[in-house]
Amino acid sequence: MVEATRLAALLYIVHNLVYASSSYISGALGDRFSKRTLLAIGYFLAAIMSGVILTSPITVISVAIVFLIAGIYVGMEEALEDSFAAELLPAELHGTGLGSLAFINAIGDLVSSIAIGFLWQKIGLGAFYFPAILAIIGGLFVLRLPPRDS
């Protein structure tokens, strides 16, 4: 049990280091390349992470891979959602728009936590089809958003 606790702590430390690095790198890449495309890639990475959970045997390696992918995609989403939203919003609505995005994300976190908990109780590991499908839909939606008229 002590070894498992140490491993879990190490995985979270690595996750947070990858997340912090990914946030910075994603922000820098977003200054040079399409935030839309990079954000969609982040969403698709979330789907890949769910796919790893669904298809891999539970081993230290597969769990480590999940934590690494999660760190990358969360960093990408955190860095790029706000900056991409700012590109879509008129300057006079940045505060309202970004506040609305934070509100919607918080509600989405609550609803998704309840949904995944319910699904986990009903179908176990198969619950990860839900976030995989939503991440793919989200990535495709971002790619199809029309550019803001200047």
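The paragraphs below lead through the fold as a whole, then through two helix contacts, and finally to a single residue.

The structure is a predicted model, and a good place to begin is with the elements from which the protein chain is built. The protein chain has five helices and zero strands, so that, read from the N terminus on, its elements follow the order α-α-α-α-α. Along its principal axes, the C-alpha trace of the protein chain spans about 55 × 35 × 25 Å. Of the 150 residues in the protein chain, 30% are buried, while the surface that the protein chain exposes comes to about 9600 Å², with carbon and sulfur atoms supplying 71% of it. When one looks at the contacts in the protein chain with a separation of 6 or more, 75% of them are accounted for by residues 24 or more positions apart.

With this outline in mind, we can turn to the way in which particular helices pack. Helix α1, which covers residues 2-32, packs with α3 at an angle of about 35°, and the axes of the two helices lie 7 Å apart. In this pair, α1 passes α3 in a right-handed crossing, and the residues of their contact divide into 17 nonpolar, eight polar and one charged.

Helix α3 also takes part in a second contact. Helix α3 spans residues 60-88 and helix α4 spans residues 94-123, and these two pack at an angle of about 140°, with their axes 10 Å apart. Angles over 145 degrees would count as roughly antiparallel, and those from 65 to 115 as roughly perpendicular; α3 and α4 are therefore described as oblique to each other. The crossing in which α3 passes α4 is right-handed. Which residues meet where α3 and α4 come into contact? On the side of α3 they are Glu 81, Asp 82, Ala 85 and Ala 86, and on the side of α4 they are His 94, Leu 98, Leu 101 and Asn 105. Sorted by class, this contact of α3 with α4 has four nonpolar, two polar and two charged residues.

Finally, it is worth pausing at one residue, Ser 83, which is found in helix α3. Ser 83 has a relative accessibility of 22%, and because residues count as buried only under 20% and as exposed only over 50%, Ser 83 counts as partly exposed. Ser 83 and Ile 72 are eleven residues apart along the chain, and their C-alpha atoms are separated by 17 Å.

Note on methods: Residues numbered from 1 in each chain as written. Predicted model: local features only at pLDDT ≥ 70, side-chain atom pairs only at ≥ 80, totals over all residues. Heavy atoms only, no water. Axes fitted to C-alpha atoms, helices over the stretch in contact; angles between N-to-C directions. Helix = DSSP H or I, 4+ residues; strand = E, 2+ residues; numbered from the N terminus. Parallel < 35°, antiparallel > 145°, perpendicular 65-115°, else oblique. Left-handed = near helix turned anticlockwise from the far one by under 90°. Contact = heavy atoms within 4.5 Å. Nonpolar A, V, L, I, M, F, W, Y, C, P; charged D, E, K, R; others polar. Buried < 20%, exposed > 50% of the residue type's maximum accessible area, 1.4 Å probe, protein only. Areas by Shrake-Rupley, 256 points an atom, 1.4 Å probe, with all protein chains shown as cover.
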